[in-house]
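Trainee: Could we go through this protein together, one question at a time? I would like to learn how to reason from a model.

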Amino acid sequence: MYVDITGIILAGGHSKRMGVDKSLLLINSKTVIEHIANVMNSVFSNNIIITNTPEKYIFMNLRIYKDIYIGKGPLAGIHSGLTHSKTERNFIISCDIPMINADLIKSIVVYPTQKPIVAPFADGYIQELCAIYSKSILKNIEEILLNATLEDELSKDQKYKYCKIRKLIESVPSEIIYSTNKLKGYFEGVLYNMNSPEDYIFIKEKLDNQC
C-alpha cells in the first residue's frame with residue numbers, strides 16, 4: 001500500500017445524460033463510488049473525495065473537499081485535490097469508471113518516468129481522469145483556470161470541460177502510456193466511462209458476471 005501517494009476521487013458533474021447521480025447507482029448492492037473507493041483503499045493509505053455536494057458522500061468516511069474554482073469542470077476538481085493533498089504524487093480517478101482494478105492503478109503508478117503527469121491512452125482517448133498528477137504543476141493548473149474564457153464557461157459542448165485538462169497536458173511534461181498491453185490489469189473496456197443508462201446496464205452486467 002502506498003503511503004506517499006494520495007488517491008483522489010472526483011465526484012463532480014451533473015450526470016445529465018444519466019438523469020440521476022451516477023456515482024450513487026448500485027452495482028452488486030454497493031454504490032459505484034464505493035466500488036471505486038474500495039479499490040483505491042486497497043492501493044493507497046490516504047484517499048479523499050472532491051465534490052461540491054459533500055453531504056451525499058458522508059457515508060464514505062473519507063475526507064471530502066469542495067472545488068476552489070467553482071463551475072470550471074474536472075480540472076478544478078484536480079486542482080482542489082492537489083491543493084488539499086499532503087503528498088507530491090497523486091492518483092486522480094473520476095467516479096464513473098467502476099471497472100477499475102488495483103493492478104492497473106499500480107501499473108500506472110510505477111510506470112518508469114519522472115514526468116508530473118502519467119496517463120494511459122485507451123479507447124481512442126487520453127484517460128486523464130485515471131492518471132498520476134504531481135503537486136508541482138498546481139501553478140500551471142491555476143493559470144489555465146484563471147484564464148478560462150467566458151465563451152468556455154457558456155459553451156453547450158461538454159467537451160470544453162476536458163479541453164482545459166488537454167491544455168494542461170500539452171503545457172507540462174506528460175507521459176502518455178500508449179502501450180497499454182504493458183499495463184497489468186488492463187483489458188479492453190476497463191476504463192469505460194459510465195455516462196448513460198445504457199452504459200450503466202452494460203457495466204452492471206459486466207460486473208455481475210464477475211461475481
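**Reading the model step by step**

Mentor: Gladly, and let us begin with one residue: I126 counts as buried, at 15% relative accessibility. Keep in mind that this is a predicted model.

Trainee: In which strand does I126 lie, and which residues is I126 in contact with beyond its neighbours within four places in sequence?

Mentor: I126 belongs to strand β8, residues 125-126. Leaving aside the neighbours within four places in sequence, the contacts of I126 are A119, P120, F121, R166, I169 and I176.

Trainee: How far apart are the C-alpha atoms of I126 and Y178?

Mentor: Along the chain, I126 and Y178 are 52 residues apart. In space, the separation of their C-alpha atoms is 8.9 Å.

Trainee: What share of the contacts with a separation of 6 or more is between residues 24 or more positions apart?

Mentor: Here we look at the whole protein, with its 7 helices and 10 strands. Among contacts with a separation of 6 or more, the share from residues 24 or more positions apart is 73%.

Trainee: Is E175 buried or exposed?

Mentor: First find E175 in strand β10, residues 174-177. Beyond its neighbours within four places in sequence, E175 is in contact with Y111, T113, K115, I117, V118 and A119. The relative accessible area of E175 is 18%, and buried means under 20%, so E175 is buried.

Trainee: And Q114, is that residue buried or exposed?

Mentor: Q114 sits in the loop between α3 and β7. P173 is 59 residues away from Q114 in sequence, and the two are 9.1 Å apart, C-alpha to C-alpha. The relative accessible area of Q114 is 80%, and the cut-off for this class is over 50%, so Q114 is exposed.

Trainee: What percentage of the residues in the protein is buried?

Mentor: The protein has 211 residues. Of these, the buried ones make up 51%.

Trainee: Now the interior. Which element gives the most residues to the largest nonpolar core?

Mentor: In soluble globular proteins, nonpolar side chains tend to be buried together. Here the largest nonpolar core has 40 residues, and I9, F91, I100 and I105 touch the most other members. At least two residues each come from β1, α1, β4, β6, α3, β7, β9 and α7. With 7 residues, the element that gives the most to this core is α1.

Trainee: Which residues does I105 touch, leaving aside neighbours within four places in sequence?

Mentor: I105 is one of the residues that touch the most other members of the largest nonpolar core. With the neighbours within four places in sequence set aside, the contacts of I105 are V39, M40, V43, F44, F91 and I100.

Trainee: How many residues are in the other core that lies apart from it?

Mentor: Its members include I8, L138, I141 and I165. The number of residues in this other core is 26.

Trainee: How many residues of α2 are buried?

Mentor: Helix α2 covers residues 74-84. Its buried residues are P74, L75, A76, G77, I78, H79, S80, G81 and L82. Out of the 11 residues of α2, the number buried is 9.

Trainee: At what angle do α2 and α4 pack?

Mentor: Two packed helices are described by the angle between their axes and the distance between the axes. For α2 and α4, residues 138-146, the axes are 10 Å apart. The crossing is left-handed, and the angle is about 145°.

Trainee: Which residues of α4 meet α2?

Mentor: On the α2 side, the residues are L75, A76, I78, H79, L82 and T83. The residues of this contact divide into 8 nonpolar, 2 polar and 1 charged. On the α4 side, they are L138, I141, E142, I144 and L145.

Trainee: What is the phi of N61?

Mentor: Most residues other than glycine have a negative phi. N61, in the loop between β4 and β5, is exposed, with a relative accessible area of 69%. Although N61 is not a glycine, its phi is positive, at about 55°.

Notes: Residues numbered from 1 in each chain as written. Predicted model: local features only at pLDDT ≥ 70, side-chain atom pairs only at ≥ 80, totals over all residues. Heavy atoms only, no water. Axes fitted to C-alpha atoms, helices over the stretch in contact; angles between N-to-C directions. Left-handed = near helix turned anticlockwise from the far one by under 90°. Contact = heavy atoms within 4.5 Å. Nonpolar A, V, L, I, M, F, W, Y, C, P; charged D, E, K, R; others polar. Core = buried A, V, L, I, M, F, W, Y, C linked by side-chain atoms within 4.5 Å. Buried < 20%, exposed > 50% of the residue type's maximum accessible area, 1.4 Å probe, protein only.
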